[in-house]
Structure formats: structure tokens, C-alpha cells
Amino acid sequence: MNKSLQSTTTLHNGVKMPWMGIGVFKVEEGPELVKTLKYAIKHGYRSIDTAAIYGNEASVGQAIQEGVKEAGISREELFITSKVWNSDLGYESTIAAYETSLNKLGLDYLDLYLIHWPVENKYKEAWRALESLYKEGKIKAIGVSNFQVHHLEELMKDAKVKPMVNQVEYHPRLTQKEVHTFCKNNGIQLEAWSPLMQGQLLNQSILIEMAKKHNKTVPQIILRWDLQNGVITIPKSTKEHRIMENSSVFDFNLSEADMERINSLNQNHRVGPDPDNFDF
Ligand SMILES: NC(=O)c1ccc[n+]([C@@H]2O[C@H](COP(=O)([O-])OP(=O)(O)OC[C@H]3O[C@@H](n4cnc5c(N)ncnc54)[C@H](OP(=O)(O)O)[C@@H]3O)[C@@H](O)[C@H]2O)c1
């Protein structure tokens, strides 16, 4: 299954999504981002994760347009994700936000569109909008982000289409057992954001020891652990050597004992906001 950067998992509606992509959170609009993404596409990345709130969809779009030409591939070979921001949650406003994202990206469809955060009393209306767009064929797959089990349960009470993906903070310090089990049982694919804990795990001794054993780096050990746990991963880097490094995780295997040791690093520790207690 996880053989190369182009290997995909099949979402519950049959759409294929790459196991690995590149994230662009906190990367400003501009030539550096365009260059970064073109490099990634040329070197085999097929999935890009952005969001309206990142304010960089125009550069992502430019990189897609130029990147596919330079790599000699078609747009259909890419998998593009964006997310509707909290202030746009609502039926009409979410549809309008989707159109705005598409225009900025210069695309005529998205592969995946997510509700970025589960804002109480708002996400269900937004979900109806995503369902409409999906049914009209304007998006290949729809999903959520930062949803806890109770948010998913609430959403699914009225949903006509079950989310295909839940993108959550996920790394060795936050293994999200409950959410992961619920998602598995419901055919919802889990996707990891901040898989590298924003660079904060590089000095962790167990991970360093494991990296030495496998002749790999700590980020590669973590990303491999994601894949073997059946979790899609989207590490962010703007450095070419790291973009390559992060993608070189398809040529080794962690043993069950290795996997358990990494699992045991969990402290339910977040680097990002808590989906049950955020005020934006
Ligand atoms: N849905 C959500 O609410 C949400 C929230 C946060 C993030 N996300 C998505 O998830 C993506 C990834 O998360 P993230 O950007 O927060 O954090 P991350 O991928 O865990 O870590 C990125 C940080 O690690 C560094 N890094 C990357 N590869 C490295 C390597 N091989 N060795 C050493 N350092 C390395 C990067 O620096 P350099 O760039 O300098 O290499 C950057 O500072 C985001 O870009 C975004 O697309 C979604």
C-alpha cells in the first residue's frame, strides 16, 4: 500500500488520496512558496494542503499551473485540499467561500474541501453546503478538521454524506486514540496535521535512537509511523532538502516493537488549539 510518494488510500466514496502530501501553513504568498511547491511536484509530491485562512491560495494555484507543466503531468494527477474558515461557516457563506478559494487557486474543482474547525452551532449548516457542492460534482471528497468524536457524532446525526476525512493534530505526543478508533470504525480516513509537532520532536531520545537503528532521520521515523498507523500525513517544509528527506520514507519498515515504543510517547500534548476549547 505505502510504496511511494504517489501511493494512495481509497476514501469511502472511492476517491484515491495520496498517503503523503505537503502542507503550506504559515508560508506567505509569493515566489518562495511557488518555487517550493513546484520543486515538490517535480520530485513526486502529488498532494498539497492549504486553507483559505493561510492566505496563500493564489501562490498555490500558480505553483499548480506551472508545476504540472514542468513535471509533464496533468492537474488530475494532483490532489488539492483547502478548508473553509470559521467566519464563513453557514450555508450560503460556505458556498461563496468555496467559489472564492477555487478562483484564487485557479481551479475548477477541489479534490478535498474541509470544515477547518468545529465551531458550535455553525458546522452543521456548513456541512449541508459541502454536501450540496459534493452532490453537484464540484468537489471530489468532503471532510472535516479538528473534529472530536462528539462533533462527528453530532454531524452524522443529520448528515446525508459521511465525512471522508478528519484532519487532526497528530504526532507521537498526541496519538488521538479515541478519535482514530472512531474514524476507523466509521470509514473516515484520519489525516495528521503538525505531524512533526512543528519541529519539536527532533531531540527526543527514543526517536533519535530509532533513527540511528534504521539509518534514517527523526522526521522520517515519525512520518513512517504515521503511514504504518494508516494515517495520511502532510509535513510542511520550504527547504528543498527537507522536502526530499520527508518523502524518503517508503524504503523501510518499523517493527511492531518500534511502533509500540513510539505510541508510548503519547502525552495527549497539543501544540495547536484544543478543538473543545478555542475562541476563534
Ligand atoms: N487543519 C488544521 O487546523 C491545521 C493546523 C496546522 C497545520 N495544518 C496543516 O498541516 C501541515 C503540517 O503542519 P505544520 O506546518 O503545523 O507542522 P509540521 O509539518 O509538524 O512541522 C513543520 C516545521 O518543521 C520543520 N521541518 C519540516 N521538515 C523537517 C525536517 N525534515 N527536519 C527538520 N525540520 C523540519 C519546518 O521547517 P522548514 O519549513 O524551515 O523546513 C517547520 O518549521 C500544515 O502546513 C498545514 O497544511 C492544518
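Me: Which side chains meet in a salt bridge at 3.8 Å, N to O?

Reply: This is a predicted model. In it, the side chains of K35 and E240 meet in a salt bridge, with N to O at 3.8 Å. A salt bridge is counted when the nitrogen is within 4 Å of the carboxyl oxygen, so this pair qualifies.

Me: Which parts does the pair K35 and E240 tie together?

Reply: K35 belongs to helix α1 (residues 31-42) and E240 to helix α9 (residues 240-247), so the salt bridge ties together parts that are 205 residues apart in sequence. K35 is exposed, at a relative accessible area of 55%, and E240 is partly exposed, at 32%.

Me: How many salt bridges does the count come to?

Reply: The count comes to 15 salt bridges. One of them joins K83 and D49, whose closest N and O atoms are 2.6 Å apart. This pair also links distant parts of the chain: K83 sits in strand β5 (residues 79-84) and D49 in strand β4 (residues 47-49), 34 residues apart.

Me: Is K83 buried or exposed?

Reply: K83 counts as buried, at 0% relative accessibility. Its partner D49 is buried too, with a relative accessible area of 3%.

Me: Where do R128 and E125 lie?

Reply: Both R128 and E125 lie in helix α4, three residues apart, which is about one turn of the helix. Their side chains meet in a salt bridge at 3.1 Å, N to O. R128 is partly exposed at 41% relative accessibility, and E125 is partly exposed at 35%. Elsewhere in the list, K124, E154, K157 and D158 are joined into one network by salt bridges that share partners.

Me: How should I read a charged residue that is buried without a salt bridge? What is the nearest side chain of opposite charge to E169?

Reply: Compare the distance with the cut-off. A salt bridge needs a nitrogen within 4 Å of a carboxyl oxygen. E169 is buried, and the nearest side chain of opposite charge, R270, is 4.5 Å away, so there is no salt bridge. E169 does have a polar partner: a polar atom of its side chain lies 2.6 Å from the backbone nitrogen of V271.

Me: Where is E169, and which residues is E169 in contact with?

Reply: E169 is in strand β8 (residues 165-169). Leaving aside neighbours within four places in sequence, E169 is in contact with N146, L174, Q176, W193, H269, R270, V271 and G272.

Me: N146 is in that list. What is its phi?

Reply: N146 has a positive phi of about 65°, although it is not a glycine. N146 lies in the loop between β7 (139-145) and α5 (149-158) and is buried, with a relative accessible area of 3%. S194 also has a positive phi, about 45°, and is not a glycine. S194 is in the loop between β9 (189-193) and α7, and counts as buried at 14% relative accessibility.

Me: At what angle do helix α7 and helix α8 pack?

Reply: Helix α7 (residues 205-214) and helix α8 (residues 218-228) pack at an angle of about 90°, with axes 8 Å apart. The two helices are therefore roughly perpendicular to each other. The contact is made by L207, I208, M210, A211 and H214 on α7, and by V218, I221 and I222 on α8.

Me: Q220 is found in helix α8. Is Q220 buried or exposed?

Reply: Q220 counts as buried, at 7% relative accessibility. Two backbone atoms lie at polar-contact distance from its side chain. The backbone nitrogen of T217 lies 2.9 Å from a polar atom of the Q220 side chain, and the backbone oxygen of E245 also lies 2.9 Å from a polar atom of that side chain. Not counting residues up to four places away in sequence, Q220 touches E245, S248, V249 and F252.

Me: Sequence separation and distance in space are separate quantities. How many residues apart are V119 and S132?

Reply: V119 and S132 are 13 residues apart in sequence and 20 Å apart in space, C-alpha to C-alpha. V119 is in the loop between β6 (110-115) and α4 (123-135). V119 is buried, with a relative accessible area of 16%. Leaving aside neighbours within four places in sequence, V119 is in contact with N86, L89, F278 and F280.

Key. Residues numbered from 1 in each chain as written. Predicted model: local features only at pLDDT ≥ 70, side-chain atom pairs only at ≥ 80, totals over all residues. Heavy atoms only, no water. Helix = DSSP H or I, 4+ residues; strand = E, 2+ residues; numbered from the N terminus. Buried < 20%, exposed > 50% of the residue type's maximum accessible area, 1.4 Å probe, protein only. Lys, Arg positive; Asp, Glu negative; His and termini not counted. Polar contact = N/O pair within 3.5 Å; in protein donor to acceptor, adjacent residues only side chain to side chain. Contact = heavy atoms within 4.5 Å. Axes fitted to C-alpha atoms, helices over the stretch in contact; angles between N-to-C directions. Parallel < 35°, antiparallel > 145°, perpendicular 65-115°, else oblique.
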